[in-house]
Amino acid sequence: MTENETVMNGYHQRVNKMCASCQHKDVEKDGTRICQKMWLKVEQRYCCRHWEMSDGLKQAGMQNGGVVRLKGTQEIIIN
C-alpha cells in the first residue's frame, strides 16, 4: 500500500488525501464507501483526481473565541 499525500488546511492542520477525508464520499449504512463523483465503491484510503477536502476538515483547528466544546456538556475556557 502506498502512502497518501498530506495537505494542510487553512488552520495549519495536516489532512491525508484519501476517500476518508473527501467531500464527495458517501458512506452507506453497511459501511460501504461510494464516491459521488465516480459512482464507484471505494476503499477508505483510495484517492482519485476528484478529491476535495471535506467541509469539516476545512474547519479543523479553528478556535471559536477560546471555547473548546467536547463530547457531552463539558466546556473548557482558554484565556
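**Residue environments, sheet and cavity in the predicted model**

His12 is exposed, its relative accessible area being 64%. This value, like the others reported here, was computed from a predicted model. His12 belongs to the loop that joins strand E1 (6–8) to strand E2 (14–16). Its phi is near 65 degrees, which is a positive value in a residue other than glycine. A second residue of this kind is Trp39, whose phi is positive at about 55 degrees although Trp39 is not a glycine. Trp39 is located in the loop between E4 and E5. Because its relative accessible area is 66%, and thus over 50%, Trp39 counts as exposed.

The protein as a whole contains one helix and seven strands. Read from the N terminus, the order of these elements is β-β-β-β-β-α-β-β. The chain has 79 residues, of which 23% count as buried. With regard to contacts at a separation of 6 or more, 46% are made between residues 24 or more positions apart.

Three of the strands form an open sheet in the order E3-E4-E5, and their pairing is antiparallel. Strand E3 (25–27) and strand E5 (40–42) are the edge strands, each of them pairing on one side only. On average, and with direction ignored, neighbouring strands of this sheet are turned by 40 degrees against each other. Strand E4, comprising residues 33–35, runs antiparallel to E3 and is joined to E3 by three bridges. Within this pair of strands, Val27 stands opposite Arg33 in E4.

The loop between E3 and E4 includes Thr32. Thr32 is classed as partly exposed because its relative accessible area of 21% lies between the limits of 20% and 50%. When neighbours within four places in sequence are left aside, the contacts of Thr32 are Asp26, Val27 and Lys41. Val27, one of these contacts, is also the residue that stands opposite Arg33. Thr32 was further compared with Gln44, which is 12 residues away in sequence; the C-alpha atoms of Thr32 and Gln44 are 9.2 Å apart in space.

Cys35 is part of strand E4. With a relative accessible area of 7%, Cys35 is buried, because the value is under 20%. Apart from neighbours within four places in sequence, Cys35 is in contact with His24, Leu40, Val42 and Cys48. Between Cys35 and Cys48, which are 13 residues apart along the chain, the C-alpha separation is 9.1 Å.

Cys35 also takes part in the lining of the largest cavity, as do His24, Val42 and Cys48. The structure holds one cavity of 30 Å³ or more. The volume of the largest cavity is about 80 Å³. Its lining further comprises Cys19, Cys22, Lys25, Met38, Tyr46, Cys47 and Trp51. By residue class, the lining of the largest cavity consists of nine nonpolar residues, one polar residue and one charged residue. The charged residue is Lys25 and the polar residue is His24, as follows from the classes assigned to the members of the lining.

Two further residues outside the strands were examined. Asn4 is placed in the segment before E1. Asn4 is buried because its relative accessible area, 17%, is under 20%. Not counting neighbours within four places in sequence, Asn4 is in contact with Lys17, Met18, Arg45 and Cys47. Cys47, one of these contacts, is also among the residues that line the largest cavity. The C-alpha atoms of Asn4 and Asn16 are separated by 6.2 Å, and the two residues are 12 residues apart along the chain.

Gln23 is situated in the loop between E2 and E3. The relative accessible area of Gln23 is 29%, so this residue is partly exposed. If residues up to four places away in sequence are not counted, Gln23 touches Glu52, Met53, Ser54 and Asp55. Gln23 and Lys58 are 35 residues apart in sequence, and their C-alpha atoms are 10.0 Å apart in space.

Terms used: Residues are numbered from 1 along each chain as its sequence is written. This is a predicted model: local features need pLDDT of at least 70, side-chain atom pairs count only at pLDDT 80 or more; totals for chains, interfaces and linings use all residues. Side-chain values use heavy atoms; hydrogens and water are left out. Two strands pair if DSSP finds at least two bridges between them. Helices (H or I, at least four residues) and strands (E, at least two) are DSSP runs, numbered from the N terminus. Axes are lines fitted to C-alpha atoms, for helices over the stretch in contact, and angles run from 0 to 180 degrees between N-to-C directions. On a 1 Å grid over the protein atoms alone, a cavity is a set of points where a 1.4 Å probe fits but cannot get out, and a pocket is an open set with protein on both sides within 12 Å along at least five of seven lines; lining residues have an atom within 4 Å of a point. Grid points are joined across faces, edges and corners, and a volume is the space filled by probe spheres set on the points. Buried means under 20% relative accessible area, exposed over 50%, partly exposed in between (1.4 Å probe, protein chains only). Contact means heavy atoms within 4.5 Å.
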